[in-house]
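Reader: I've got a model open on my screen and I'd like to talk it through. Could you take me around it?

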Amino acid sequence: MASRYIIIDMPNDKSKKQVLAIVPAYNEQDNIVSTIEDLRKNAPEVDYVIINDGSTDNTLEVCEEHGFNTISLPVNSGLACGFQTGMQYALMHDYDYAVQFDADGQHAAEFIQAMLDLAENENLDIVIGSRFKTQKKPKTNPRMIGSILITRMILWTTRIRISDPTSGMRLFNKRMIKLFAHESDFSPEPDTIAHVARNGAKIDEIQVEMRERTAGTSYLNISRSIAYMLRVCISILFVQWFRKKNQ
């Protein structure tokens, strides 16, 4: 099925690194405007594309009303599909970096420049915006316990410590853009991050602050969170060893 495009031309100064914020959005009518306003205000040199993932509310109508740069998928296909659509867009338009940026308002655009600086200075493939790089991770709920477990499993299998493996704020360089755009099983999840790390990708984290969701409801309730953590852990421990080396 064909996607619906609302494309706005944006300035493209090749003297600077070109960065694209990929904003997957499913039923985020109440958050999408403030999310884009945050990007425009606090990361004005960063382009963006909203991937409307078959929303059943008025997300698309709000994007059209505000003239936002949007690709609208005809049905809800999940985060992996929406993110890959954004990576394909970034590859098509020759961006140097792409940053995964949630539509629910939890990510702060003010940290994108620091992520880019770290990637440039250290020649990194992926920079993760971490809530726990310099701050202690709380152990008060199942989600945080699962995050601790995933951190340890990534360390066991890659020898790389990622303090916030479930963070959805990640910056990818051009090499990763090409890889994630082409590989259908490359989702923006901790198991794929572990996979590319095991195959030589250079990854680091930088401390960021994240906000609480102000409107709408996350699809990750307690039961879904537990199921998600179990699936990721099984993938890191077992499935990754059977995936082909793509780098």
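Author: Sure, starting with a term: buried means under 20% relative accessible area, exposed means over 50%, and partly exposed is in between (1.4 Å probe, protein chains only). This is a predicted model, where local features need pLDDT of at least 70, side-chain atom pairs count only at pLDDT 80 or more, and totals for chains, interfaces and linings use all residues. Residues are numbered from 1 along each chain as its sequence is written, and side-chain values use heavy atoms, with hydrogens and water left out.

Reader: Is Phe186 buried or exposed?

Author: The cut-off for buried is under 20%. Phe186 has a relative accessible area of 2%, so this residue is buried.

Reader: Which residue forms an edge-to-face aromatic pair with Phe186?

Author: Rings of Phe, Tyr and Trp (its six-membered ring) pair if their centres lie within 6.5 Å; planes under 30 degrees apart are stacked, over 60 edge-to-face, the rest tilted. Here the centres are 5.3 Å apart and the planes meet at 75 degrees, and the partner of Phe186 is Phe180.

Reader: Which residues make up the aromatic cluster?

Author: The whole structure has 5 aromatic pairs. Phe180, which is buried at 0% relative accessibility, belongs to a single cluster whose members are Phe83, Phe172, Phe180 and Phe186.

Reader: How many residues are in the largest nonpolar core?

Author: A nonpolar core is a set of buried Ala, Val, Leu, Ile, Met, Phe, Trp, Tyr and Cys residues joined through side-chain atoms within 4.5 Å. Phe172 and Phe180 are among the members that touch the most others, in a core of 36 residues. Apart from it lies another core, which includes Ile32 and Ile206 and has 33 residues.

Reader: What do the buried residues of helix 6 pack against?

Author: Helices (H or I, at least four residues) and strands (E, at least two) are DSSP runs, numbered from the N terminus. In helix 6 (residues 174-182), Met176, Ile177, Leu179, Phe180 and Ala181 are buried. Contact means heavy atoms within 4.5 Å, and the packing partners are helix 3, strand 5, strand 6, strand 7 and helix 7.

Reader: How many residues of helix 7 are buried?

Author: The buried ones run from Pro190 and Asp191 through others including His195 and Val196. Helix 7 is mostly covered, and the count is 8 of its 9 residues.

Reader: Why is strand 8 described as largely enclosed?

Author: Strand 8 (residues 203-207) pairs with strand 6 in the parallel sense over 5 bridges; two strands pair if DSSP finds at least two bridges between them. Val127 stands opposite Asp204. The rest of the structure largely encloses strand 8 because the buried residues number 4 of the 5.

Reader: Which residues does Val208 touch?

Author: Val208 sits in the loop between strand 8 and helix 8, and is buried at 2% relative accessible area. Leaving out residues up to four places away in sequence, Val208 touches Phe111, Gly129, Ser130 and Arg131.

Reader: Over which residues is the pLDDT below 50?

Author: pLDDT is the predictor's confidence in each residue, from 0 to 100. The chain's mean is 88, and 83% of its residues reach 70 or more. Where pLDDT is low, the predicted coordinates should not be read in detail. The stretch below 50 is residues 5-12.
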